[in-house]
Amino acid sequence: MKKQSTSVTGTNLLHAKNHNRRAILDAVRRHDGLSRADITRLTNLSAQTISNLVGELEEAGLLLAGEPVRQKRGQPARPYRLNPDGGYAIGFQLTGTQIDAVLVDLMGEERCQLSRPVNHPDPMQAVDLLVAASHDIIAKSQLDPARNIGIGVAMPGPVGIAGPTGIAPGWEGFDLAGIMSEKAGCPVFVENDADAAAVSEKLYGTARELDNFVYIFIGHGLGAGLFLDGRIIHGAKGGAGEIGHIPIEANGRPCDCGRKGCLERYVSLLALYEEFDTAHRDDLINDQSLTHIAALSPDDGPVRNWINQAAPHLNTTLQIISSMLNPQAVILGGLLPDPILRALWKEVIRLQNTSGPTPTGDTLPILISDGNTYSAARGAAALPIYQEMIPDFQNMLKVRDNA
């Protein structure tokens, strides 16, 4: 598997200070214990630029300097590492019936969790609920409110465009990030749940060393986060990765989108629930905490039936993804309990082995996410940290163009 380059290149161009700060933070994030000379070598920045910016980041509490280490030549060098307490971010997963929140530090470690039920809030109601929950989780964590880097919100379905969001009517075109940022007093970032989970996987999980991967988010519906050439791909109107509505079976099961045979009618939690009798199905659908599904086993008859139906459709989809996007890997994750997710993964691997190599002659690696049922909320919390710490050359060019 091709690994990400170990070089985190900065730039000495004018108006690039924020980019260079991110390059330094990303270098230290991925190579703990770097000296200033090491950072200079990895980022290709000047020694003076590194000296100035490392000093600023240390003063801001984002970097910690260790004890000087004696070297064979020259002065002892101080190793630098990220300060976990230098900042934190809050992530929300918002559905029509529940808010799940996590607060993570700069290293992605969860410091606090919070969940509360909601009843299909309209957009302005959701803003007030989310802002209140952000205050509550900060108070619960007992951390300094001034250290809050920002808030991320993960939502089901396409964000801000026509189509169902799975929350309530009236969300199309609503500027959740802008309106909530004004009320919360901090930056707010909004992504769909699959994209948010992909960002988390890139920062903290299986995809740390990957620049090109696809994250398949199996939730009540089905979506994909496309992380290509080092960045999330949104598409022209934000709908890239909506693989749940790929027509996979002619004249198949009716879908809420109005068509038939969509992939998520076979690969999703709701598709799994349909394998159960009415009483059990209702219990599963109404259980927002997912405790009922967590108690299921891959060996249960309905679960095994679902895996046997879902795996071939998912395998076909992965072949399409491989041919179109040529990723380094596909990562399976979302809301499925780990034993069921792994059983589905094993069946997909078995089918893949009988299908033969990809058009490029390789076998597409299919990996298991490091996430859990809070993966979308954790991914949402990663959004502000990603913005703060990961260099994006295209964003730097936009800054230069607008200067």
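## A walk along the salt bridges

Select Asp 136 to begin: with a relative accessibility of 34%, Asp 136 counts as partly exposed (buried means under 20% relative accessible area, exposed over 50%, partly exposed in between, with a 1.4 Å probe and protein chains only). Before moving on, know that this is a predicted model, where local features need pLDDT of at least 70 and side-chain atom pairs count only at pLDDT 80 or more, while totals for chains, interfaces and linings use all residues. Residues are numbered from 1 along each chain as its sequence is written, and side-chain values use heavy atoms, with hydrogens and water left out.

Now add Arg 116, which is partly exposed at 27% relative accessibility. The side chains of Asp 136 and Arg 116 form a salt bridge, 3.0 Å from N to O (a side-chain nitrogen of Lys or Arg within 4 Å of a carboxyl oxygen of Asp or Glu). This pair links distant parts of the chain, with Asp 136 in helix H4 (residues 123-141) and Arg 116 in strand E5 (residues 110-117), 20 residues apart. Helices (H or I, at least four residues) and strands (E, at least two) are DSSP runs, numbered from the N terminus.

How many salt bridges does the structure hold? There are 14.

For another of them, select Arg 21 and Glu 56, whose side chains meet at 3.9 Å, N to O. Arg 21 sits in helix H1 (residues 17-30) and Glu 56 in helix H3 (residues 47-59), so their salt bridge ties together parts that are 35 residues apart in sequence. Arg 21 is buried, at 17% relative accessibility, whereas Glu 56 is partly exposed, with a relative accessible area of 31%.

Next, jump to helix H11 (residues 338-355), where Arg 350 and Glu 347 are three residues apart, about one helical turn. Their side chains form a salt bridge of 2.7 Å, N to O. Which of the two is buried, and which partly exposed? Arg 350 is partly exposed at 44% relative accessibility, and Glu 347 is buried at 16%.

Back to Arg 21 and Glu 56, this time with Lys 17 added: salt bridges that share partners join these three residues into one network.

Finish at helix H2 (residues 36-43) and colour Ile 39, Thr 40, Leu 42 and Thr 43, which are buried. What covers the buried residues of H2? H1 and H3 are among the elements that do so. Step just past H2 to Asn 44, and you will find a positive phi of about 65°.

Methods:
Contact means heavy atoms within 4.5 Å.
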